[in-house]
Amino acid sequence: MLRRRMLQGAGILVAITPVFLALGFQYRPHSSHSHFEATEKKLLNTHIKENSFTLKDVKISKNQFLHTLVINEGSQDKEKPNLVLMHGWSSGLALWSKNIDQLAKHYNVYAIDLLGFGRSGRPFFPISSKATPDQAKSFWVDSFHEWKVECFGNQKIILLGHSLGGFLACTYALEQPEDLQHVILAAPVGIAPFIIPPQKGWFRKSLERLIWDCGVTPQAILRSLGFFSQRVWDRLGNASNYRGLDKDGWDYLYQAQMGEPSGDRAFMSILTREGWGYPLFDKLGDMKVPTRIIYGEHDYVRPSFAPTAMAKLPVADYKVIQGAGHHMYWSHTNEFNQAVINLK
């Protein structure tokens, strides 16, 4: 009798263990909409001291919206150009907070969360094996164009994009040149041709299949860690010196990774197993918008490529911020801001 009960108990334990494990992987008490909102406002309130700011969600088609930061709404100087800030991969608008006060002396400043990232809408996007680079590009560029028309109509803006935002800003300038007065590309990915060589060995090939056949993104892996996700994220931050940010910025980025899969899938559709999937470099000669590219001296988006880009772009120049890495807008705020302000 005792043995039977022990076996029954063991059977029940075996049956319910996967359920508890599954629930554990979904249990992320450190992450929620309210947590994300709080970390966003903490960054903005810490660094924006000389200007007022408004956060709002601007509606676009298909029941989606772009989360938007507006500086000095209702009291802007109509003589100033409108500057729109576009963040990079899996980031968000609050990481521009250190730049706002200085830029607002020269511009009417706006910042957005790209569709599928930050606190913007996160519509379904298929895994990379079921989508094309052009679909991924349009996912962001088309939604941004709707936002731009909604906020500015036919009025020209200056568009500044960092990293993935730089790629998108450049693509937008090529597709909608009449909308822009100037485009600024900070550490832009996708401009230099990028090829991934064929993978060798079972581990690398298995990883390749997981990413591009099964749709497993870095954000999906982090989300799957559930309760332990923040601990792992903090250790990654400590090991990398927060990638040039600080603890508050790193905490904000953690929240940005935790939302529903959307923009992270789109990114893995434009970064294919063969390399960068959208031929932006081949289109640079068609650029009609004055262009500035800003690099960090130690950025992995290599500044040595700048002369090649300059040879393709009709009207362009570039700046290299000494001592800076990929997040130069955060680590070298004044030098970065001067490169954005002094466009002539």
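Begin by selecting arginine 223, which counts as buried because its relative accessibility is 8%. Here buried means under 20% relative accessible area, exposed means over 50%, and partly exposed lies in between, with a 1.4 Å probe and protein chains only. The model is predicted, so local features need pLDDT of at least 70 and side-chain atom pairs count only at pLDDT 80 or more, whereas totals for chains, interfaces and linings use all residues. Residues are numbered from 1 along each chain as its sequence is written, and side-chain values use heavy atoms, with hydrogens and water left out.

**Stop 1: arginine 223 and its partner**

Add aspartate 264 to the selection. Its side chain meets that of arginine 223 in a salt bridge, at 2.9 Å from N to O. This pair joins distant parts of the chain, with arginine 223 in helix α7 (residues 218-224) and aspartate 264 in helix α10, 41 residues apart. A salt bridge is a side-chain nitrogen of Lys or Arg within 4 Å of a carboxyl oxygen of Asp or Glu. Helices (H or I, at least four residues) and strands (E, at least two) are DSSP runs, numbered from the N terminus. Aspartate 264 is buried as well, with a relative accessible area of 3%.

**Stop 2: helix α10**

Now extend the selection to the whole of α10, which is mostly covered, 8 of its 8 residues being buried. Among them are Gly263, Arg265, Phe267 and Ile270. Which elements do the buried residues of α10 pack against? They pack against the helices α4, α5 (164-175), α6 and α7, and also against β7 and β8 (275-276). Contact means heavy atoms within 4.5 Å.

**Stop 3: helix α6**

Move next to α6, where Glu208, Ile211 and Trp212 are buried. Viewed down the axis of α6, the buried residues fall within an arc of 75°, so they line one face of the helix. That arc is taken from the directions from the helix axis to the C-beta atoms. The cover over these buried residues includes α10 (263-270) and β7 (271-272).

Select tryptophan 212, which lies in α6 and counts as buried at 12% relative accessibility. Leaving aside residues up to four places away in sequence, tryptophan 212 touches Ser128, Ser129, Ile196, Met268, Leu271, Thr272 and Arg273. Measuring tools can be set between tryptophan 212 and glutamate 274: their C-alpha atoms are separated by 10 Å, although the two residues are 62 residues apart along the chain.

Then rotate to the face of α6 turned away from its buried side, which carries the exposed residues Trp202 and Phe203. Trp202, Phe203, Leu207 and Leu210 together form a nonpolar surface patch with about 490 Å² of accessible area. Such areas come from the Shrake-Rupley method with a 1.4 Å probe, and for residues only the protein chains shown count as cover. Patches are made of residues with over 30% relative accessible area and no salt bridge; like charges are joined within 9 Å, and nonpolar side chains (Val, Leu, Ile, Met, Phe, Trp, Tyr) within 5 Å. Leucine 207, in helix α6 (residues 202-212), counts as partly exposed at 40% relative accessibility.

**Stop 4: helix α4**

Select lysine 148 in helix α4 (residues 133-152). Is lysine 148 buried or exposed? Lysine 148 is buried, with a relative accessible area of 0%. Beyond residues up to four places away in sequence, lysine 148 touches Gly153, Asn154, Gln155, Ile157, Tyr172 and Asp179.

Elsewhere in α4, aspartate 134 forms a salt bridge with lysine 137, the closest N and O atoms being 3.9 Å apart. The two residues lie 3 residues apart in this helix, about one turn. Aspartate 134 is partly exposed, with a relative accessible area of 42%, while lysine 137 counts as buried at 6% relative accessibility. Adding Glu175 to the view completes a network of salt bridges that links Asp134, Lys137 and Glu175.

**Stop 5: helix α9**

In helix α9 (residues 247-257), select lysine 247 and aspartate 251, which are 4 residues apart, about one turn of the helix. They form a salt bridge in which the closest N and O atoms are 2.7 Å apart. Lysine 247 is partly exposed, with a relative accessible area of 34%, whereas aspartate 251 is buried at 19%. The structure holds 13 salt bridges.

**Stop 6: the annotated range**

Finally, select residues 81-332, which the unreviewed UniProt entry annotates as "domain: AB hydrolase-1". UniProt positions are given in the numbering used here, feature names are shortened, and annotations may be inferred rather than shown by experiment. Over this range the chain is 39% helix and 15% strand, and the end C-alpha atoms are 23 Å apart.
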